[in-house]
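Colleague: Please take a close look at one part of this model for me. I would like to follow how its helices pack.

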Amino acid sequence: MKRKYLENERLSLFLFLTIWILYTTIYMTKNCYSAAMADLVNEQVLTKSQTGAINAAFYLIYAIFQVVGGIAVDRFSPGKIVFIGFLGAAACNAVVYYNQNYTVMLIAWSMNAVVQFGVWPGIFKIISSQLAPVHRKKGVFYISLANSFGLIVSYICAALVSRWQSNFSISAISLFVASVIWIIMYQYVEKKMVTVDVEKSVKREQKSSVSFFKLILFSGAILLMISNLIQSVINCGLKALTPVMLMESYESISPSLANSLNILLIGGGVIASFVARKYVLNRFENEAICMSLFYALCVPFVVLFVFVGKIPAVILFIALTLVVSLMTVGSLTVFYMTARFAKYGYDGTASGVFNAMAALGIVVANFVFTRLADSFGWAVTNYVWIGTTMFGLIATAAAIPLWRKMLKD
């Protein structure tokens, strides 16, 4: 089995910087619909249930096709698959800009999920396998921050535009430009790559006998995928519900202040990522232990959610920020776990499956927990947050000995 990668470190750095900017762009555009949802309902373009159905369709289809994309980038050129995602997403955003009929928007946004099937798996494949070896581990860390930056940019963009339709026109233009930059740049860089055999540390006969299913089963990765889903539920759920919970529980907090605090919440996760990388992540060889640690640290702060409205808003906000930060840092370990599959040639497939679980977590966060809050109030919802966190901790801890065995093997 052959593999291409860059030896030229300057060219490798250039490739990564381009990837980071373009992935931040597509992540921003993926959230432009969410940023426009309030205006869509306010202007009676769509009902609440219709906006929810479109969002649910996107993430459900996205989750399924991430698995397909992961398998595809392990077999075909990841550069071409990423290009399909950028160009296809540009077309889908353009359709929504010109036609806001519910059926058209549902089909267009569902197709947006389909065409992005290989964007993240392809980008992760390039970072974990095709960058210069010296840049791969750092690349895995820094690309994880692109999600948060993209989300922040989507909020800023939504605040600056005068019409919600502009979210989609800006996204369409940005993605079209990104697709042109990508295909020109990657074709040039690919010609500079060297071709080598797969790492000799994995024998040919050994690799051929190890299927991806057996690998994730006996390494405990299935438990870690469940843990990744729960992390996504907690992280995305709190980011989505924090403004509403603060606004409804404290009279002194207005909707605009609640939304401003949410940006601080997201920013706290970015800062925590840098701190954890320097002082925590590099100290653990076993990523499952590291993830368990972050879950355990979350527990006392999640318990404070039960006292919403009874404790000062500042204390609750600090607790919310710490939980989101810990879950954000915990999700970083998933990137390092996924990179472990590179020597088996399954890094694309693994990144697709883990990303699919994260996407399913977004669906659960946006629909299960919002309905819990509507039907039973914040007290019951916050008890469910505690149970969810504990379940994530148990699943992760159970994977520690299996993951340790895989690392030794």
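Modeller: Here is a walk through one helix and its two packing partners. The model is predicted, so local features need pLDDT of at least 70, side-chain atom pairs count only at pLDDT 80 or more, and totals for chains, interfaces and linings use all residues. Residues are numbered from 1 along each chain as its sequence is written, and side-chain values use heavy atoms, with hydrogens and water left out.

Two packed helices are described by the angle between their axes and the distance between the axes. Helices (H or I, at least four residues) are DSSP runs, numbered from the N terminus. Axes are lines fitted to C-alpha atoms over the stretch in contact, and angles run from 0 to 180 degrees between N-to-C directions.

Start with H12 (residues 221-249) and H15. Their angle is about 150°, and their axes lie 10 Å apart. H12 and H15 are therefore roughly antiparallel (angles over 145 degrees). The crossing is left-handed (the near helix is turned anticlockwise from the far one by less than a right angle). Contact means heavy atoms within 4.5 Å. On H12 the contact residues include Leu 224, Ile 234 and Leu 246; on H15 they include Leu 316, Val 334 and Met 337. The contact divides into 13 nonpolar, 7 polar and 1 charged (Ala, Val, Leu, Ile, Met, Phe, Trp, Tyr, Cys and Pro count as nonpolar, Asp, Glu, Lys and Arg as charged, the others, Gly among them, as polar).

Now take H15 (residues 313-339) with H16 (residues 347-408). Here the angle is about 155°, with the axes 6 Å apart. H15 and H16 are therefore roughly antiparallel too. Their crossing is left-handed. Val 334, Met 337 and Thr 338 of H15 meet Asp 347, Ala 350, Ser 351, Phe 354 and Trp 403 of H16.

Terms used
Helices (H or I, at least four residues) and strands (E, at least two) are DSSP runs, numbered from the N terminus. Angles under 35 degrees count as roughly parallel, over 145 as roughly antiparallel, 65 to 115 as roughly perpendicular and the rest as oblique.
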